[in-house]
Amino acid sequence: MDDFPTPPPRLQKGRSKGTKFLVVCALAVLMAIPALLVFALLMERTNRAEGVAREIGDQMGGEQVFLGPVIQVPYVIPTRTSTDEKGNRVVLAQESGNLIVFPQTGKASAATKSDVRSRSIFRVPVYTADLNFDAAFDLKDVQASRPGAVLMWDKAQLVTGATDSRGARKDIVAQINGASVMMAPSGPGVTGFSPDGTDFDLFAAPLALSDTATPLEIKVGMTFTGTRKLGVLAYGKSSEATITGDWKYPSFGGGFLPATRQTDETARKGGFSAQWSVPFIARGLPAVIDQNQMMTLGKSELSVTFVEPTNPYQSVGRSLKYALLFVGLVFLTYFLFESTSKKELHPAQYILVGLAQITFYLLLLSFAERIGFDAAFVVAAGATVTLIAGYAGLIFHSRWRFMAAFAVFGALYALIYVLMRMEDYALLVGACSAFLVIAAVMVLTRNINWYGNRIEEA
């Protein structure tokens, strides 16, 4: 029998690594769907926590902002007049309103004692504040600020306010030139106070002033409860405020930052102390205004927020923003293991790995609500890294790949934690890390036959 000629080698097209890489990338993007579901759950838990805070705030007074003592003076301005048969002037039409007179100097102090109220797993910082306000009024130039207006000093009232009167724990007593006056909820003549759009509960006392040439010294003391924030409006032409407390995690905000502050052990046994000074020109309002101008006074708020350090939702939310990046990095690691071994992974196995990573965020959220974010991260990251690294060792039948995967994934989740704690540099660190990882992948895959072609003998 004649021997058949041996055919020449031919190019046999195998499975394309490039196609597999594109499939892996698509699967990584697909993992954004369950990540969005986890984010929706996070929003639901955040809203529930806010709802609990509002419920407790309804009982304690909520986030309180206080207005120190000011004077309200009704006025009228004749707009159309006539003369009667006897030559007397008769007012046919007039405009009316209320002037708000701020003190020349206003000094406020608030001393707070803090606590935490819990409902189920949710915690809300609450406080009791003893407040004292001093105000020095000079009324002799008020008329000059409204020429043509008739000021009704006999109907003038002393006015103070708070965002929620349900937080009051004592009656409010004012000292007017040494005389004690009990303040009461304001009547219909005191309306329209909405600094920064926030409706105030107002308290008033009649003044019935007959002598506006004599300076007026007023002191007001009050005790209120509230939740999470305490603020004081700059109620004087020149205002000073001091807020002290025993809460260890204050955050200062409002329209002005404190001139001095202490938050270490020297400040009330680990609490805080802050002082503000707001000069007349910085407040942006004249000494006498119409009542409808009170809206802009909210910009002068001097406040401290009682931050709850165990609140996990913000940290978990930041970690979720990087979910797609870190799922993609784990998929790349598995792809490199697959490309350097004889084992070929099915897309379903990549999906299982991705779901394990998404479950990490569920574990993190659920444990953080119970034991705090740091401890929850150790538990959730440890379980997830062990699972996906162990899975790599099982499917590739290699102890070495298990150890390599454990080291890589451990470093990856350590990077997640660093990003959560480095708020100011999170973007910079994340961008640099992503660049270095992509560069490493490009180097490690430089010899891969992406088309999957191989020479096969016939």
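This passage describes the fold, the packing and the aromatic contacts of a predicted model.

The protein has 458 residues, of which 46% count as buried. Its secondary structure comes to 10 helices and 20 strands. Contacts across long stretches of sequence are a good place to begin: among the contacts in the protein with a separation of 6 or more, 79% are between residues 24 or more positions apart.

Eight of the strands come together in an open sheet with mixed pairing, and a walk across this sheet follows the order β9-β8-β12-β5-β4-β14-β17-β16. At the edges stand β9 (179-182) and β16 (260-262), each of which pairs on one side only. From one strand of the sheet to its neighbour, the turn averages 15° when direction is ignored. Within the sheet, β4 (residues 105-119) and β5 (residues 122-137) pair in the antiparallel sense, and 15 bridges join them. One of the residue pairs here links Arg 117 with Val 124, its bridge partner in β5. For the reader tracing side chains along these strands, it helps to recall that in a regular strand they alternate between the two faces of the sheet.

Strands β8 and β9 also pair in the antiparallel sense, over four bridges, and Ala 174 stands opposite Val 181 in β9. These two strands form a hairpin with two residues between them. What is the phi of Asn 177 in the turn of this hairpin? The value is positive, at about 50°, in a residue other than glycine. Asn 177 sits in the loop that runs between β8 (173-176) and β9, and with a relative accessible area of 46% it is partly exposed.

A second residue invites the same kind of look. Arg 228, again a residue other than glycine, has a positive phi near 70°. Its place is the loop between β12 (216-227) and β13 (229-232), where a relative accessibility of 22% makes Arg 228 partly exposed. The cut-off for buried is under 20% relative accessible area, so Arg 228, at 22%, does not count as buried. Thr 225, by contrast, belongs to strand β12 and counts as buried at 4% relative accessibility. Leaving aside neighbours within four places in sequence, Thr 225 is in contact with Met 60, Gly 61, Gln 64, Tyr 127, Thr 128, Gly 167 and Arg 169.

The interior can be followed through its nonpolar cores. The largest has 66 residues, and Ile 71, Phe 133 and Leu 230 have the most contacts inside it. Strand β2 (residues 64-83) gives the most to this core, with seven residues. Which residues does Leu 230 touch, not counting those up to four places away in sequence? The list includes Gln 64, Phe 66, Tyr 127, Ile 243, Leu 302 and Phe 306. Gln 64 and Tyr 127 are thus touched by Leu 230 and are also in contact with Thr 225. A second core, separate from the one around Leu 230, has 59 residues and includes Val 38, Tyr 313, Ala 368 and Tyr 413.

Aromatic side chains add further detail. A pair of aromatic rings is described by the distance of the centres and the angle of the planes. The count comes to 17 aromatic pairs. Tyr 334 and Phe 409 form a stacked pair, 6.0 Å centre to centre with 15° between the planes. Tyr 334 lies in helix α6 (residues 323-339) and Phe 409 in helix α9 (residues 399-421), so this pair ties together parts that are 75 residues apart in sequence. Both Tyr 334 and Phe 409 are buried. Phe 360 and Tyr 361 instead make an edge-to-face pair, with 4.9 Å between the centres and 70° between the planes. These residues are buried too, Phe 360 with a relative accessible area of 0% and Tyr 361 with 3%.

One aromatic cluster is formed by Tyr 127, Trp 247, Phe 252, Phe 272, Trp 276 and Phe 306. Two of its members, Tyr 127 and Phe 306, are touched by Leu 230. Arginine side chains also meet aromatic rings: Arg 283 lies over the face of Phe 102, at 4.1 Å from the ring centre, and Arg 401 lies over the face of Phe 396, at 5.6 Å from the ring centre.

How values were computed. Residues are numbered from 1 along each chain as its sequence is written. This is a predicted model: local features need pLDDT of at least 70, side-chain atom pairs count only at pLDDT 80 or more; totals for chains, interfaces and linings use all residues. Side-chain values use heavy atoms; hydrogens and water are left out. A nonpolar core is a set of buried Ala, Val, Leu, Ile, Met, Phe, Trp, Tyr and Cys residues joined through side-chain atoms within 4.5 Å. Buried means under 20% relative accessible area, exposed over 50%, partly exposed in between (1.4 Å probe, protein chains only). Contact means heavy atoms within 4.5 Å. Two strands pair if DSSP finds at least two bridges between them. Axes are lines fitted to C-alpha atoms, for helices over the stretch in contact, and angles run from 0 to 180 degrees between N-to-C directions. Rings of Phe, Tyr and Trp (its six-membered ring) pair if their centres lie within 6.5 Å; planes under 30 degrees apart count as stacked, over 60 as edge-to-face and the rest as tilted. A charge sits over a ring if NZ of Lys or CZ of Arg is within 6 Å of the ring centre and within 35 degrees of the ring normal.
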